[in-house]
Each structure stands twice: as C-alpha cells, then as structure tokens.
Amino acid sequence: MKRKYRIASYCAITLFCGLLAENNSFAQLSVSQLSGREINTITTAVPFLMISPDARGGGMGDAGVASLPDANSIHWNPSKLAFADKNIGFSLNATPWLRRLVPDIWLNYLSGYKKMGKNQALGASIRYFSLGAITFTDINGNVTGNYNPNEFALDVVYSRKLTDNFSGGMALRYVFSNLTQGVNVQGANTQPGQTVAADVSAYYQKPDLELGSRTGKLAFGVNISNIGGKMRYSDNADRDFIPINLRLGSGLTLNLDQYNSVTFLADFNKLLVPTPPVFFKDSIGSDGKQIIDRGKDPERPVVEGMFGSFNDAPDGFGEELREITYSAGFEYWYDKLLAFRAGYFYEAPSKGNRQFVTLGAGLRYNVFGVDFAYLIPTIQQHPLQNTLRFSLIFDFDSFSKMNSESKPE
C-alpha cells in the first residue's frame with residue numbers, strides 16, 4: 001500500500017527523531033515546551049518492546065507479571081516458566097496496529113518453552129513488528145523510494161525454581177530495528193539500530209491458600225526488562241535509551257468450586273530511563289546545549305540512567321509517582337475450558353494519558369486453545385481501539401496423551 005507524503009512524514013518524525021540529535025536544541029526539547037502544556041512524556045527507542053503481545057494479557061488490562069504461567073510468560077515474567085504445569089507450551093500471537101488508519105501494520109509474537117525436569121525450563125520467542133509499506137516522496141512529490149520498515153527481537157530464556165515456592169529467571173534479547181532503510185536524514189546516512197538486552201525476574205507463589213471455605217493461590221512477580229545498551233540509527237546521532245522497565249505486581253486465584261475459578265491481578269510499571277528535563281527558554285550553554293532549568297541531563301550512561309530515573313523528574317517526587325502506570329485484570333475460568341476476562345489500564349495525563357478498558361475471552365479444547373482481546377479507550381484514541389487481537393495456544397502434553405491413548409495395546 002502506498003501512502004503519500006503527509007503520512008510518510010508523520011512516520012518519519014516518529015521513527016527518525018533519534019537521528020536529529022546533532023541538533024541539540026531540538027533533540028533535547030521537552031514536550032511541554034512544544035505544546036505549552038504540563039506534559040512531559042518519556043520517549044525511548046524501540047517502544048514496540050513494551051506492547052502487550054498476547055491476547056490473554058491484553059484482555060486483562062495489560063497485567064501479567066503474576067498471572068498463571070503460560071507460553072507467553074517470556075514477555076511478562078520469564079521466571080514463571082519454572083512453575084508451568086505443562087512440559088511443553090507454544091503460542092502464536094497476532095496484533096494489528098493502527099487498524100483504523102492502515103491495514104498492513106502488525107505485531108507478531110511467537111513463543112514457546114520446554115520444562116527440563118521439575119525445577120527448570122528453557123524458552124524462546126521472536127517478536128516481529130512490521131510497519132507496512134511506505135512510499136517516500138520529496139518536497140516536489142517525486143517518489144524517492146519504497147520501504148518496508150520493520151523491527152524484531154529474539155529472546156532466549158532460562159527459569160529455575162530456587163525453593164518450592166520461589167523461582168528466578170533471565171532472558172537474553174537481541175533487538176534489531178530497521179526503520180530508515182538507509183535514507184539520508186538531514187545530511188546523515190542512516191543504518192539499522194541494533195543492541196542486546198537482558199531481563200531479570202522473580203516469581204513467588206503460595207499454593208493451597210485457604211480463604212474461608214475456599215482454596216486459592218497467591219502470587220507475586222517482578223521483572224526488570226530490556227536492561228541493555230542504547231541504540232542509534234546514524235553515526236552522527238546520539239544514542240537513545242531502549243525501554244528499560246520495572247514491572248511488579250500480584251495475583252490472587254480463588255477456586256470457587258470444582259469447576260469455577262477467578263483470578264484478580266494488579267501490575268505496576270515504571271520506565272527506568274531519564275525523564276526529559278525542563279530547559280530555560282532560548283538559552284544555550286558553552287557546550288552548544290540548552291541550559292537545564294529543572295531536572296537532570298538525560299544524556300547519561302545506562303546504569304546511571306536506571307538508578308537516577310527514580311529522582312530526576314523536573315517536578316520532583318510527585319512527577320515520579322505520575323510516571324507509574326497501573327493495570328488491573330480479572331479472569332474467570334469454567335472447568336479450565338472457557339475463560340472471560342476484563343481489565344483497566346491507567347497512565348497519568350501528563351505522561352501520555354493512555355486510559356482504556358479491555359475485554360477478552362479464551363477457549364481450550366484438547367491440543368488447541370484460542371484467546372481474544374478487545375480494547376476500549378476511555379480518554380483518547382488508541383492504536384488498538386476497535387481491533388480484535390488473537391492468540392493460538394498449543395498444548396503438546398495433550399497431543400502426546402492423545403497419541404498414547406490411540407495406540408493399540
């Protein structure tokens with residue numbers, strides 16, 4: 001599909017902002033200065049790493065760090081895989097993006113795991129984000145090229161039980177982002193961005209919890225994801241942080257009776273990257289950079305940026321709290337065959353103002369399972385609104401069991 005200059009320019013602004021770092025007065029300009037409003041959002045390279053890739057988590061308000069383990073746990077919390085109740089799990093997920101505007105932008109996610117005994121598990125996943133076909137034109141409307149920008153991340157995961165109720169996990173990730181396809185931007189030749197990153201996670205569960213006449217399971221999870229090097233798309237550009245993120249939360253599952261169970265989830269997220277400072281208007285220092293009025297210089301090493309992200313907001317601790325996003329999710333299962341889900345996601349207005357309700361459903365039958373999710377924005381438009389997301393789940397344990405039962409004695 002061909003899109004003309006305006007849409008291409010919009011994509012270019014979004015995708016190439018990191019390339020303009022040689023013009024420091026622009027690259028470090030905060031959103032509040034551009035709009036005149038009290039808005040100070042945090043932006044990073046490769047934000048596709050933060051998109052919920054599966055319909056189950058997407059149907060519960062993007063909550064999942066302490067949900068029951070499945071093949072998509074690699075994204076939410078790799079350490080959960082050690083407690084998976086199946087020996088092998090596999091999932092295929094498809095998420096259309098900006099469906100109301102364009103038909104060919106997709107996020108696809110393939111993940112799976114294999115238990116290695118009772119106490120450990122190995123997993124792998126690949127996330128592919130295709131931005132469709134884009135036709136670029138110059139100021140005179142002449143076509144300068146047809147491009148297919150894309151990004152992907154490849155993960156390998158190890159998870160192990162450290163006690164009967166506690167596990168730890170790590171993921172190693174290679175990230176490739178080819179947004180520019182060699183386009184010359186402001187006189188600079190561009191190139192694909194590449195980096196490596198890691199996740200460090202932990203998971204605790206208390207099974208057989210007695211709550212009155214009912215039993216249940218209490219779980220807690222934490223995952224620090226995308227701990228890795230900065231990324232850039234040109235030798236002349238500054239490097240940008242990738243979305244290093246702290247996710248923590250809890251989950252409570254109640255067994256109502258033999259056939260019915262419910263789960264309640266709560267997740268909290270905070271990006272561990274520098275908050276954009278507020279600059280003095282029309283002021284340039286001797287180093288050619290704008291002079292900071294409030295906040296801290298965002299051009300810091302990765303480790304310093306992570307630890308400093310808790311106290312670098314221009315408006316102090318109150319702004320740091322506004323950088324936390326909240327997810328609440330609910331899941332109901334009937335006989336482990338049919339599921340209904342709902343959730344809510346909240347982000348402060350000054351930090352992006354994403355607020356939406358989600359609905360979802362799931363079905364499991366023998367070897368196969370399917371999940372659906374639907375998002376309803378409550379404040380502003382969202383790239384996933386009016387879009388049906390789906391996941392396919394494959395249970396190889398059931399497949400092996402069916403094969404063994406079909407063999408003649």
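Begin by selecting Phe48, Trp97 and Phe129, which in this predicted model form one aromatic cluster. With their side chains displayed, keep the rings in view, for this cluster introduces a theme that returns elsewhere in the chain, where the structure holds 12 aromatic pairs.

For one of these pairs, select Phe264 and Phe330, whose ring centres are 5.5 Å apart and whose planes stand at 55 degrees, so the pair is tilted. Colouring the strands helps at this stop: Phe264 belongs to strand 13 (residues 260–271) and Phe330 to strand 16 (residues 325–334), so the pair ties together parts that are 66 residues apart in sequence. If a surface is switched on, Phe264 is found to be partly exposed, with a relative accessible area of 40%, and Phe330 is likewise partly exposed, at 30%.

Staying with these two strands, select Phe268 and Tyr326, an aromatic pair with an edge-to-face arrangement, in which the centres are 5.6 Å apart and the planes meet at 90 degrees. Here too strand 13 supplies one partner, Phe268, and strand 16 the other, Tyr326, so that parts 58 residues apart in sequence are tied together by the pair. Phe268 counts as partly exposed, at 35% relative accessibility, and Tyr326 falls in the partly exposed class at 33%.

Next, select Lys270 together with Phe310, and look at the charged end of the lysine, which sits over the ring of Phe310 at 5.4 Å from the ring centre.

Move now to Arg232, in the loop between strand 11 (214–228) and strand 12 (245–255). This arginine is partly exposed, with a relative accessible area of 25%. Add Gln194 to the selection and draw a distance between the two C-alpha atoms: the residues are 38 positions apart along the chain, and their C-alpha atoms are separated by 7.8 Å.

For the last stop, turn on the surface and select Leu92, Leu110, Ile126, Leu154, Leu359, Phe372, Tyr374, Ile376, Leu388, Phe390 and Leu392, which form a nonpolar patch with about 860 Å² of accessible area together. Which strands each supply at least two residues of this patch? They are strand 19 (368–377) and strand 20 (388–395), so colouring both of them is a useful way to orient the view. Within the patch, finish on Ile376, which has its place in strand 19 and is partly exposed, with a relative accessible area of 35%.

Note on methods. Residues numbered from 1 in each chain as written. Predicted model: local features only at pLDDT ≥ 70, side-chain atom pairs only at ≥ 80, totals over all residues. Heavy atoms only, no water. Patch = residues over 30% accessible without salt bridge, like charges linked within 9 Å, V, L, I, M, F, W, Y side chains within 5 Å. Areas by Shrake-Rupley, 256 points an atom, 1.4 Å probe, with all protein chains shown as cover. Salt bridge = Lys/Arg side-chain N within 4 Å of Asp/Glu carboxyl O. Helix = DSSP H or I, 4+ residues; strand = E, 2+ residues; numbered from the N terminus. Buried < 20%, exposed > 50% of the residue type's maximum accessible area, 1.4 Å probe, protein only. Phe/Tyr/Trp six-rings, centres within 6.5 Å; stacked < 30°, edge-to-face > 60°. Lys NZ or Arg CZ within 6 Å of the ring centre and 35° of its normal.
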